[in-house]
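I opened a fresh notebook page for this one. Below are my entries, in the order in which I looked things up.

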There are 2 protein chains.
Amino acid sequence: MPQFITVADPDDPRVAAYRDIRERDLVGRQGLFIAEGETVLRAFVRDAPGRVQSLLVDPKRQDKLAEVFAALPDEVPVYLVEQAVLDRVAGFHLHRGVLAVGQKPEPVSADHLLAGLPGATVVLVLCGIANHDNIGGIFRNAAAFGVGGVILDSACCDPLYRKAIRVSVGATLSVPTAWLAQDEDVAGLLERHGFEALALSPAAPEILARLRPPLRSAVLLGAEGPGLSAELIARARPIGIPMAGGFDSLNVATTSGIVLHHLRFAQP
Amino acid sequence: MPQFITVADPDDPRVAAYRDIRERDLVGRQGLFIAEGETVLRAFVRDAPGRVQSLLVDPKRQDKLAEVFAALPDEVPVYLVEQAVLDRVAGFHLHRGVLAVGQKPEPVSADHLLAGLPGATVVLVLCGIANHDNIGGIFRNAAAFGVGGVILDSACCDPLYRKAIRVSVGATLSVPTAWLAQDEDVAGLLERHGFEALALSPAAPEILARLRPPLRSAVLLGAEGPGLSAELIARARPIGIPMAGGFDSLNVATTSGIVLHHLRFAQP
């Protein structure tokens, strides 16, 4: 069981990591992240108990979280903070009443991540996805369809930002993730590891519904609007999802769900 | 061409419909709605020019919108309002700089909507979807895959709320929509019109990927968490999308995209 520590003073230094999280979250915090809400907390403690640094919980919610506490290492502090104090610590009204500070995992290279995957697998490669809702939604789908990992280029936003974690329902805490180096040759990397690169592109003549899933697929997704670079598309197999008249694209998170569902269940 | 009217005073009664929209939007506004942003505005003027009541535009954006103005009826006023004044009218910083007030269409009964559809078609039936992001995402997918219409029960939120319109990229303004009466027998209604009711339910043994699309499908979606009522599932054909271990559900908008893609492209 963890240690329970009641904190009544919003300026108590023991809860400094939770202070003004709205502003600080976006500027990064030396290897730490903030997670919020019961569902996310349950996923975090289940998937990575060793990376939980502390919890901050409104005592009214203590009973509902008993089995979460039981799964925590003994040395993890749980700060019990009334909602009104919690709001002053966080700097805004945090109606979920449950927060955690976690330690980010050591960065893994994309090469290392791919090398560790089994023969038949799917990975996602995200290029320039800078919206936290979309990143979160994509990771949620990645977990739901059991992808081997997610690879991000340097123009993507942080999947361990509070909102991305929440939208992913905690999936960004558990799905294996790697960052590409600036200008890393992703097409070459995928080829070396035996992955077929599928570049999702609305205008591609080969349509997803007729694609026979390759044994090892890498799904390349770009941001809505700019999409993937022409260079990258030229070195991959472009795949499209035709739209009804007048509509030019799907949301990128929805696209990831449609593609992952197809790759998982279509006849190979 | 519309009439251009420069407004410099935030209290000018001619822009009263745009005042404090954040608060007023949620309480309804006698048959009117607010739409925001260039993409949405283009969709609105393209799909329903006769329902545009007025526009409010930062003059800096006037040139980019020339062909939108050209498509408007002559009597529609376009209020030209500098960004700083616009923010005071709206009651918050509206960085998109483009707003419209539109007239909601006359309500249509679900019975009437279904009666007007062609032989082979898909409709969505939404039960208790009360989140504007999800409603917007579902309508975006509905437009992208060309559904015949969307039917909402009385527990759904308004698809013509500003945020739902924005997330839908304007699709809530054009996709045919009808509301069910309180306690209306939706299973009976669908049967009468020859629709096969497909109840999406995570635990259903029949999986989506093996479903041969019926000629007339009605896709029933419930809110994340509670899902569809057991009663409704019992009167429909339950369809599931199996998840990888530990994950229990997809986002409902993503689910709609996966199902609509399958119904549109799978072999019948």
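**Entry 1: a charged pair within chain A**

Which side chain does Glu196(A) meet in a salt bridge? I looked it up in this predicted model, and the partner is Arg237(A), with an N to O distance of 3.3 Å. I then checked where the two residues sit. Glu196(A) belongs to strand β9 (residues 196-200) of chain A, and Arg237(A) belongs to strand β11 (residues 237-239) of chain A. The two are 41 residues apart, so I noted the pair as a link between distant parts of the chain. For scale, I counted salt bridges over all chains and got 32.

**Entry 2: just ahead of β11**

Next I stepped back to Arg235(A), which I found in the loop between α9 (230-234) and β11 of chain A. What does Arg235(A) touch, leaving aside residues up to four places away in sequence? My list reads Asp185(A), Ala187(A) and Gly188(A). With Asp185(A) there is also a polar contact from side chain to side chain, at 3.0 Å. I took one C-alpha to C-alpha distance here as well: Arg235(A) and Leu198(A) are 9.6 Å apart in space and 37 residues apart in sequence.

**Entry 3: the two domains of chain A**

I pulled up the domain assignment of chain A, which gives domain 1 as 3-103 and domain 2 as 110-265. The contact between them draws on 16 residues from domain 1 of chain A and 10 residues from domain 2 of chain A. Their C-alpha centres lie 31 Å apart.

How much area is buried between domain 1 and domain 2 of chain A? I have about 1,200 Å² in my notes, with 64% of that from carbon and sulfur atoms.

Then I turned to the polar side of this contact. I counted 2 salt bridges between the two domains of chain A. I also looked up the pair Arg166(A) and Glu36(A), whose side chains meet in a salt bridge at 2.7 Å, N to O. Residue pairs in polar contact between these domains, with both partners at pLDDT 80 or more, number 3.

Which elements of domain 1 of chain A give two or more residues to the side that touches domain 2 of chain A? They are α1 (21-27), β2 (32-36) and α2 (38-47) of chain A. Of these, α2(A) gives the most, with 5 residues. Sorting that side of domain 1 by class, I wrote down 9 nonpolar, 1 polar and 6 charged residues.

**Entry 4: laying chain B on chain A**

I superposed the copies next. A turn of 180° and a shift of 0.0 Å along the axis lay chain B on chain A with an RMSD of 0.0 Å. The two copies are therefore related as by a two-fold rotation axis. The same surface serves both copies, as 100% of the contact residues of chain B recur in chain A.

**Entry 5: where chain B meets chain A**

How many residues of chain B are in contact with chain A? I found 30, and they face 30 residues of chain A. The area buried between the chains is about 2,500 Å², and carbon and sulfur atoms give 61% of it. I asked which three residues of chain B supply the most: Arg140(B), Phe247(B) and Phe265(B) account for 26% of the area that chain B buries against chain A.

The count between the chains is 2 salt bridges. Looking at Arg140(A), I saw its side chain meet that of Glu224(B) in a salt bridge at 2.9 Å, N to O. I also logged 10 residue pairs in polar contact between chain B and chain A, both partners at pLDDT 80 or more.

Two elements of chain B, α6 (132-144) and α10 (252-265), give two or more residues to the side that touches chain A. The most come from α10(B), with 6 residues. By class, this side of chain B divides into 15 nonpolar, 10 polar and 5 charged residues. That closes my page for now.

How values were computed. Residues numbered from 1 in each chain as written. Chains lettered and ligands numbered in written order. Predicted model: local features only at pLDDT ≥ 70, side-chain atom pairs only at ≥ 80, totals over all residues. Heavy atoms only, no water. Domains from an automatic or database assignment. Contact = heavy atoms within 4.5 Å. Buried area = accessible area lost by both parts, 1.4 Å probe. Salt bridge = Lys/Arg side-chain N within 4 Å of Asp/Glu carboxyl O. Polar contact = N/O pair within 3.5 Å; in protein donor to acceptor, adjacent residues only side chain to side chain. Helix = DSSP H or I, 4+ residues; strand = E, 2+ residues; numbered from the N terminus. Nonpolar A, V, L, I, M, F, W, Y, C, P; charged D, E, K, R; others polar. Least-squares fit on C-alpha atoms with pLDDT ≥ 70 in both.
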